[in-house]
Every structure is written in structure tokens, then in C-alpha cells.
There are 2 protein chains.
Amino acid sequence: MIQYKSVIVMKENKFLAIYNDLLLQIRKGIFQPNDKLPSEHELSQQYETSRETIRKALNLLSEHGYIQKIKGKGSIVLDVGKYDFPVSGLVSFKELAQKMKKRVRTIVHELQVVKPDDYIRKYLDVTAKDEVWKVVRSREIEGEKIILDKDFLHRKFVPLLTHEICENSIYEYLENELKLKISFAKKEMFVDKITDEDRKYLDVDGYEHIVVVQNYVYLEDASLFQFTESRHRLDKFRFVDFARRTH
Amino acid sequence: MIQYKSVIVMKENKFLAIYNDLLLQIRKGIFQPNDKLPSEHELSQQYETSRETIRKALNLLSEHGYIQKIKGKGSIVLDVGKYDFPVSGLVSFKELAQKMKKRVRTIVHELQVVKPDDYIRKYLDVTAKDEVWKVVRSREIEGEKIILDKDFLHRKFVPLLTHEICENSIYEYLENELKLKISFAKKEMFVDKITDEDRKYLDVDGYEHIVVVQNYVYLEDASLFQFTESRHRLDKFRFVDFARRTH
DNA sequence: TTGACCAACTTGTATATACAAGTTAAAATA
DNA sequence: TATTTTAACTTGTATATACAAGTTGGTCAA
């Protein structure tokens with residue numbers, strides 16, 4: 001019998017490290033769907049930590065839909081294979097594309113600093129004096145231009161933005177270079193009539209409507225710093241969400 | 001100065017009671033957006049409990065998007081007014097309709113026990129021997145038939161289902177009468193071509209596409225017991241989601 | 001054999017303590 | 001005055017303990 005012995009690197013928190021370690025084992029298939037995880041007591045011995053720390057890790061797994069905890073019985077692994085597409089949460093296009101393993105390309109159409117007009121002021125919390133980055137990009141997937149991304153970023157937080165950054169990943173730049181702590185977002189989804197701009201930058205393929213995903217992105221201190229409108233061609237749109245019932 | 005003194009009824013857990021009490025104060029406007037909540041230490045004194053219990057309540061508020069915790073500073077109330085529409089999560093149509101305060105009606109078109117065909121077996125985890133409730137209902141909002149709901153429930157969990165129950169709220173019946181513990185769900189959203197069934201039961205209004213929300217609903221023990229397909233007219237569809245970034 | 005009960009497990013809640021780490025504003029210092 | 005330091009706050013992490021409550025499987029008695 002082969003015993004899986006995990007070595008945890010303790011750069012991060014203990015409970016986060018354990019969460020990531022258990023998640024890895026689930027992804028690798030060491031723990032299969034419907035398997036029972038070791039009990040909290042056993043895990044606390046394996047990881048040489050307290051039960052409360054184990055419980056923090058397990059609760060994270062539960063919130064994210066990887067396990068189900070059942071009182072008196074234990075924790076069982078859920079069928080996670082179904083959730084591996086655009087699961088709810090804050091995921092950038094680049095992270096998504098890598099997961100999907102598709103041939104993707106980003107085309108930058110606009111990149112400029114603008115004074116916020118009424119439209120921008122409606123969505124981003126800025127005054128007429130502030131400056132705002134406006135970025136318009138289309139996303140090509142397997143040779144088809146499917147998604148039109150319109151980003152508005154508060155210049156106060158982002159002094160510089162280049163063509164290269166926009167072609168790669170703005171998120172990566174913000175988090176890794178500028179060390180901005182992106183914390184949470186509000187998403188709003190609805191269907192809109194297609195516009196001339198959509199026709200100009202996308203392969204609209206004769207559709208008259210388009211799925212709009214509006215994103216309000218906030219930093220750690222709850223300041224709104226970005227508004228993004230993502231316009232998806234009807235036939236390629238897909239959103240997966242995991243939700244727990246709260247009573 | 002008026003001091004708000006909350007009286008907590010201790011039927012439920014302490015931390016849940018505190019969560020609900022704080023939430024109520026936020027909804028009532030006793031705590032306004034951008035207000036700072038009392039510190040964890042103060043709250044633990046006010047509620048006569050330990051700091052850990054307060055932290056459980058605050059973490060719930062944070063997960064659900066009501067507050068933002070900032071290390072070293074405190075917890076501030078987020079602008080919750082924006083999230084009060086169909087926020088992500090498991091919410092039944094009846095609960096939703098009550099929140100929106102719209103004139104709604106449910107029309108039951110089909111209600112029968114069927115042997116699962118290939119279509120049902122694809123979505124619900126049943127064998128050919130099992131029996132399944134099939135319910136088809138349309139939802140009328142302000143006089144227009146907007147949503148077509150197709151429910152499939154495993155009969156093993158739901159022995160009886162009546163016309164009245166389906167007109168009211170299946171969820172309410174399941175939870176209150178049958179005492180089923182609905183625990184979590186996976187939602188999948190995409191756009192589909194409109195079907196003859198849609199045209200038959202809905203005011204499709206000339207649209208050629210329809211937004212489909214598929215729901216896989218699970219009980220506490222992680223058993224899949226219901227599959228629901230909710231078909232929304234394009235122009236009336238709207239989905240709001242709050243998501244925290246996990247690193 | 002059947003059922004009741006119990007012991008040993010499981011997870012859930014609540015509490016107390018200690019220290020780490022980030023923030024803030026007053027006090028001390030140059 | 002301007003800057004640095006410090007003290008007093010804040011939230012975050014980790015640990016230990018106790019008991020409640022649900023599950024399971026074996027034991028024992030009818």
C-alpha cells in the first residue's frame with residue numbers, strides 16, 4: 001500500500017496550505033468523488049496541527065464545493081469534475097483560457113486615458129476631475145472573435161498601462177507588479193441588443209443579442225477601482241455557479 | 001443618543017443568531033454603508049459571548065458580501081442595496097417574488113410520475129426502474145408569462161406532490177413538510193434556441209433565443225434529488241453574483 | 001431472531017488564551 | 001516644526017479544552 005505523504009511548504013498560512021494540499025489530492029484523484037476524507041482528528045495528527053486548523057481548511061473546501069461535511073459521519077468528496085469550467089468567482093480571462101486549454105488571442109482596440117463621461121461615471125465611482133483608463137479588447141477563441149471586453153480602471157490606482165500588458169493579462173500586472181489586492185467583485189449578467197461596436201470588433205455571426213457580464217471590482221479596502229463590461233456571443237456563453245443554501 | 005439594544009432569540013446557534021441580528025441592523029439602516037461596525041472585542045461584550053463566536057458571525061457577513069473586514073482597521077458595511085436582487089445562492093421563485101414585490105402567478109401545465117427517459121437520466125442520477133416526478137410550470141410576472149420551469153424530482157425523496165403544492169412553492173413543501181434538508185446546488189447558465197414548448201407556454205414575444213438556467217439540487221448527505229431547468233425570456237433575465245477572490 | 005441500548009466514533013458549537021501583524025494617533029525626539 | 005517611536009488599538013492565526021449532537025456497529029436482553 002502506497003501512503004501519500006504530503007510535504008507542505010509553509011510560506012502561506014497553515015490552514016491555507018492544508019486546504020491547497022487537500023485540494024491538490026482531490027484534483028489528482030488521490031481522493032476520489034464519494035470517498036470519505038480522513039476524520040478531522042486523523043488529519044490533525046497527519047498535518048501535526050490542531051483540529052480547529054483542520055476545520056478551517058475543510059470549511060474552505062466545503063464553501064468552494066469540493067467536499068460535503070456530514071455531521072456524525074465525515075467529509076465526502078463531491079464530483080468536482082463538473083465544476084472545472086468557469087466556476088463562479090474572480091477569474092481572469094487568461095486564467096480561464098489556460099484551464100480550458102484553447103487557442104486564444106487578445107486584440108487591443110483602444111487603450112487611452114479619458115476623462116469620465118456620464119456613462120463611466122454611472123458605473124465607476126469617480127468625479128469629472130479624475131482620470132480613467134479605458135481599454136477595449138476582443139478575445140479570439142479558436143480563431144473566432146467571441147468576447148468584447150471593455151475595461152475602465154481608476155487611474156489613481158493604475159498609473160501606467162501598456163499595449164503589452166493589455167495583450168497579456170491586466171489582472172496579472174495589477175496583482176504581481178502593482179501589488180494591488182483585488183478582494184471581491186459584484187457580477188451582473190443580462191442580455192442586451194447587439195451594438196455597432198459589437199459588430200465592429202466581434203464575429204457576431206448574425207445574432208441580434210449578446211450576453212453582457214458587468215463586473216464591479218473592489219480592492220481590499222473596499223474601494224471600487226475597476227468596472228468591466230464583458231460582452232459574450234450568445235452561443236459561446238456559459239456560466240457555472242456553485243451555491244450553498246443559507247437558512 | 002439612542003442605543004440600539006438587540007434581543008436575540010436563542011432558538012438557533014449563537015453565531016447564526018448574531019449574524020442574523022447584525023444583518024437585520026444593516027438592512028434596517030442602523031448600520032449604513034461605509035459605517036464601521038463595532039470591533040470584535042466590543043461586539044463580544046455587547047452580545048456577551050466570546051470573540052471567536054463574533055468572528056464566525058462576521059465571516060458569514062463577509063462571505064455574503066455585506067461587510068468587508070480590513071486587518072488592523074475593522075469591518076465596514078458594504079453598499080448592500082445593489083445586491084438585493086436575485087443574488088447568487090439557492091433561492092426559490094416564491095422567495096424571489098416576495099422580495100421583488102411583483103404581481104406573480106404560477107401556472108401548472110404538467111404534474112405526473114414518469115419513468116425516466118434518456119433526457120432525464122442524463123441529468124438526474126436515476127436508473128430505469130426509478131420513478132421521477134415531472135412538473136412543468138410557467139411563471140407569470142406582471143401579467144406576462146416569462147419563465148418556464150421544468151422540474152424533475154426523485155420520487156424516492158418525494159412520495160407525494162399535488163397541484164396545490166406546485167402552485168405555491170415546492171421548496172417550501174419539501175423543507176417544511178417533508179423536512180428535506182436542501183444543502184447545495186450547481187447552476188449552469190447558457191443561451192438556447194427557443195423551442196415549441198417555450199412558445200406553447202410562454203409569451204415569447206418574437207425572441208428566437210432563451211436563457212436556460214439548469215439547477216442540480218443536492219441534499220445534506222450529498223445525494224442529487226432534483227434537476228430543474230428554468231427557461232427565462234431574454235429581456236427579463238438578470239443574474240447578480242457576489243464573489244470573493246481566493247488566491 | 002429481533003430490538004433496545006450503549007460505547008465509540010464522527011462533526012458542530014462555544015470558550016479562553018496567546019501571539020502575530022496591520023493601523024492609528026499621541027508622545028517623544030531630533 | 002518635522003520626524004520617529006511607541007502604545008493602544010484593530011483583525012488574523014493557532015492551540016487547547018469541553019461538551020453537544022448525529023452515526024455506526026456491536027452487545028445484551030427479551
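In the predicted model, a backbone N or O atom of Glu40(A) is placed 3.0 Å from a phosphate oxygen of DNA strand C. Two residues of chain B make comparable approaches to the backbone of the nucleic acid: an N or O atom in the side chain of Asn13(B) lies 2.7 Å from a phosphate oxygen of DNA strand C, and a backbone N or O atom of Phe15(B) is found 3.4 Å from a phosphate oxygen of this strand. The elements contributing two or more residues to the surface near DNA strand C are α3 (51-63) and β1 (67-70) of chain A, along with α1 (14-28) and α3 (51-63) of chain B.

In total, 22 residues surround DNA strand C, and the closest are Arg51(A), Lys69(A), Asn13(B), Lys14(B) and Thr49(B). Of the atoms of DNA strand C that come within 4 Å of the protein, 73% belong to sugar and phosphate. The residues of this surface comprise 12 charged, 8 polar and 2 nonpolar.

Helix α1(B), one of the elements at the DNA surface, was examined further. For its 15 residues, a rise of 1.5 Å a residue predicts a span of 21 Å, and the end C-alpha atoms are 21 Å apart, so the two values agree. The buried residues of α1(B) are Ala17(B), Ile18(B), Tyr19(B), Asp21(B), Leu22(B), Leu23(B), Gln25(B) and Ile26(B). The elements covering these buried residues include α2 (40-46), α3, β1 (67-70) and β2 (74-77) of chain B. Immediately after α1(B), Gly29(B) adopts a positive phi of about 90°.

Salt bridges were considered next. Side chains of opposite charge can pair when their charged atoms come close. Over all chains, the count comes to 39 salt bridges. One of them links the side chains of Arg155(A) and Glu131(A), with an N to O distance of 2.9 Å. Arg155(A) belongs to the loop between β5 (144-154) and α6 (163-167) of chain A, whereas Glu131(A) belongs to the loop between α5 (118-123) and β4 (132-141) of chain A; the pair therefore ties together parts that are 24 residues apart in sequence. Both partners are partly exposed, Arg155(A) with a relative accessible area of 30% and Glu131(A) with one of 33%.

A further salt bridge, at 2.3 Å from N to O, is formed by the side chains of Glu188(A) and Arg238(B). Because Glu188(A) lies in strand β6 (residues 182-193) of chain A and Arg238(B) in strand β9 (residues 238-244) of chain B, this pair joins two chains. Glu188(A) is buried, with a relative accessible area of 8%, while Arg238(B) is partly exposed at 37%.

Within chain B, Glu140(B) and Arg105(B) form a salt bridge in which the closest N and O atoms are 3.0 Å apart. Glu140(B) is located in strand β4 (residues 132-141) and Arg105(B) in strand β3 (residues 104-114), so the pair ties together parts that are 35 residues apart in sequence. Glu140(B) is buried, with a relative accessible area of 11%, and Arg105(B) is partly exposed, with a value of 45%. In chain A, Glu40(A), Arg51(A), Arg55(A) and Lys69(A) are joined into one network by salt bridges that share partners. Two members of this network, Arg51(A) and Lys69(A), are also listed among the residues closest to DNA strand C, and Glu40(A) is the residue whose backbone N or O atom lies 3.0 Å from a phosphate oxygen of that strand.

Conventions. Residues numbered from 1 in each chain as written. Chains lettered and ligands numbered in written order. Predicted model: local features only at pLDDT ≥ 70, side-chain atom pairs only at ≥ 80, totals over all residues. Heavy atoms only, no water. Near = heavy atom within 4 Å. Polar contact = N/O pair within 3.5 Å; in protein donor to acceptor, adjacent residues only side chain to side chain. Helix = DSSP H or I, 4+ residues; strand = E, 2+ residues; numbered from the N terminus. Nonpolar A, V, L, I, M, F, W, Y, C, P; charged D, E, K, R; others polar. Expected span 1.5 Å × (residues − 1). Buried < 20%, exposed > 50% of the residue type's maximum accessible area, 1.4 Å probe, protein only. Contact = heavy atoms within 4.5 Å. Salt bridge = Lys/Arg side-chain N within 4 Å of Asp/Glu carboxyl O.
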